[in-house]
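Okay, thanks everyone, let's get going. I'd like to walk you through the strands today, so have a look at the screen.

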Amino acid sequence: MAGDALADPGALFEKLTVKLASQVDKAASKAGLKASQELSRKLTEELDDAIRVAMSTADKVGTLVRQAVQAAVDDTLRTAVLDATRVRDQQLAQLALIDRTAWGTDDIEAVRLRVDAEMKRAGLTRLTTPTNLTSFDVVNSEEHNHAASYEVLSPAYVETVTGRVVQRGAVRRLPADDTGESKGRG
């Protein structure tokens with residue numbers, strides 16, 4: 001009977017109710033009202049015991065589910081903290097390499113090459129041509145409304161894989177009588 005309670009407490013309740021009703025009817029017809037009342041009390045106790053077992057099982061299952069969920073949350077949080085620490089360490093190491101290159105040379109080109117290499121390793125792309133203005137802020141948006149060209153004042157930076165803008169760049173519109181080509185600094 002306890003196995004049925006674990007499987008389906010509702011079905012157990014229904015079986016016990018049917019059993020109770022039929023035994024009460026039998027007892028009433030055989031032994032009279034007093035015996036019927038005693039049997040009814042006994043069967044009610046059995047039903048109460050079965051309900052307690054079912055509720056205890058449900059409580060245990062609920063506790064196990066809560067513990068499993070908490071363990072999963074703890075593990076996810078621990079992994080996120082470790083990942084964040086690893087990313088920060090990687091960023092600091094990249095900055096140290098760039099700084100070491102800058103300190104070891106007076107050649108700005110060597111520093112630029114180191115920066116480019118670290119950006120590539122990190123998955124960061126520098127946009128210096130405004131082929132798509134969604135990565136740039138236009139600083140003189142009210143001027144030269146029909147401009148066909150833009151000058152890059154500062155580059156935009158996007159994730160190489162996803163194209164997500166990490167940092168917006170800045171451009172200014174050039175008058176229509178300029179060369180018509182986009183210009184960039186650096």
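Which residue in β4 is the bridge partner of Leu 127? It's Ala 156. Before I go on, a quick caveat: this is a predicted model, where local features need pLDDT of at least 70, side-chain atom pairs count only at pLDDT 80 or more, and totals for chains, interfaces and linings use all residues. Residues are numbered from 1 along each chain as its sequence is written, and side-chain values use heavy atoms, with hydrogens and water left out.

So, back to that pair. β1 and β4 (residues 156-159) run antiparallel, joined by 4 bridges. Strands here are DSSP runs of E, at least two residues, and helices are runs of H or I, at least four, numbered from the N terminus. Two strands pair if DSSP finds at least two bridges between them.

Add β5 and you get an open, antiparallel sheet of 3 strands, ordered β1-β4-β5. β1 (124-127) and β5 (165-167) are at the edges with a single partner strand each, so one side of each has no neighbour in the sheet. From one strand to the next, the twist averages 35°.

Now for β6. Of its 5 residues (169-173), 4 are buried, meaning under 20% relative accessible area with a 1.4 Å probe, protein chains only. So β6 is largely enclosed by the rest of the structure. β2 (residues 136-138) runs parallel to β6, with 3 bridges, and Phe 136 sits opposite Gly 169. β3 (residues 150-154) runs antiparallel to β6, with 4 bridges, and there Glu 151 faces Arg 172.

Conventions: Buried means under 20% relative accessible area, exposed over 50%, partly exposed in between (1.4 Å probe, protein chains only). Axes are lines fitted to C-alpha atoms, for helices over the stretch in contact, and angles run from 0 to 180 degrees between N-to-C directions.
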